[in-house]
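Please find below a note on the model under review. The points concern one residue and the ligand site.

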Amino acid sequence: MKKHNFNAGPSILPREVIENTAQAILDFNGSGLSLMEISHRAKDFQPVVDEAVALFKELLNIPDGYSVLFLGGGASLEFCMVPYNFLEKKAAYLNTGAWAKKAMKEAKAFGDVVEVASSADANYTFIPKGYEVPADVDYFHITTNNTIYGTELHADPDVNVPLVADMSSDIFSRPIDVSKYICIYGGAQKNLAPAGVTFVIVKNDAVGKVSRHIPTMLNYQTHIEKGSMFNTPPVVPIYAALQTLRWLKAQGGVEEMQRRAKLRSDMLYAEIDRNKMFRGTVTAPEDRSYMNICFVMADEYKELEADFLKFATEKGMVGVKGHRSVGGFRASCYNALPVESVQALIDCMQEFEKTH
Ligand SMILES: *Cc1c(COP(=O)(O)O)cnc(C)c1O
């Protein structure tokens, strides 16, 4: 049976990315050696990093003066590296979910943290608006897509301070105005590559301004200077990321990804809103994520939650169980997810409705 992969992360990758990476694991560039058994300093590997960096810059239209880094540690380590490198006195954070809150918690060890707004009281079902960002903060941190709750900031905010963003789960799903940011980071395992590599887009001249001593490995300057080769980078995930970047370019880039994401999510939200058995947890259309679509059983059908999950699983849906802090269902619709998979889930919902 065909499986439809709605996993929240690690998650679906284009088939050719997996095949090309599998091939390189067996034989890298006809060298007779596996990608897993060559040095990251081998002459054949440097072009992989160089092309991945170049494609990042091209696809996201990154201006001059920025570096693209491939690091270890996940987005979670960036929660600490960001304040280590950029927080001198005070930073502002928008509290839109569990990841945002974790980022904020790390920052508190380095200086004053202003929570400019929060939707915690409403279990993060909306993106706060109309907040003020103090003019004297070192940066304003946002989480552009809230993977767990299914809310998303669909545009780069207009503020008068430098932005920092966790884009773990919506990178390459829309054009970004990178010039508004001093740092954009994310774990690769949602929209780019298998787990193990973290991407960081950092503005070179924003680094090196804080007065504290920064440990070598946690200092962005180290990785900027060494082109992500200060120590052994995650070779296999970087290779896979390059395959995804090539795929993205061949498909038409981020504008095309945004078009597909909108198409997929419009289809699924329309069904959630139409079908009497289900209810979307995020109601404001402008806050609804294109990437992670959260819904629950309508109140009068609450007891059928396990039945629907079983029904959908039998039809080949994978990963549609909601996060424990929201319950219900979550369909993660990342860049590589074909529209046919969304249609298959909609068919499931309609068939389930007919039989009840
Ligand atoms: C998954 C996720 C993280 C955590 O990423 P790790 O790479 O596992 O540390 C952080 N932020 C967001 C928005 C995520 O979706």
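The numbered points below take up the basis of the model, threonine 198 and the ligand in turn.

1. This is a predicted model, in which local features need pLDDT of at least 70, side-chain atom pairs count only at pLDDT 80 or more, and totals for chains, interfaces and linings use all residues. Residues are numbered from 1 along each chain as its sequence is written, and side-chain values use heavy atoms, with hydrogens and water left out.

2. Threonine 198 belongs to strand E10 (residues 198-203); strands are DSSP runs of at least two residues, helices (H or I) of at least four, numbered from the N terminus. Threonine 198 counts as buried because its relative accessibility is 0%, buried meaning under 20% relative accessible area (1.4 Å probe, protein chains only).

3. The side chain of threonine 198 reaches the backbone nitrogen of glycine 74 at 2.8 Å. Beyond its neighbours within four places in sequence, threonine 198 has contacts (heavy atoms within 4.5 Å) that include Leu69, Phe70, Gly74, Glu78 and Gly187.

4. The ligand is surrounded by 14 residues, the closest being Ser76, Thr147, Asp166, Gln189 and Lys190; a residue is counted if one of its heavy atoms lies within 4 Å. Helix H3 (residues 74-86) supplies the largest share of this shell, four residues.

5. Polar side-chain atoms of serine 76 and glutamine 189 lie 2.6 Å and 2.9 Å, respectively, from an oxygen atom of the ligand. For aspartate 166, a polar side-chain atom lies 2.6 Å from a nitrogen atom of the ligand.

How values were computed:
Buried < 20%, exposed > 50% of the residue type's maximum accessible area, 1.4 Å probe, protein only. Polar contact = N/O pair within 3.5 Å; in protein donor to acceptor, adjacent residues only side chain to side chain.
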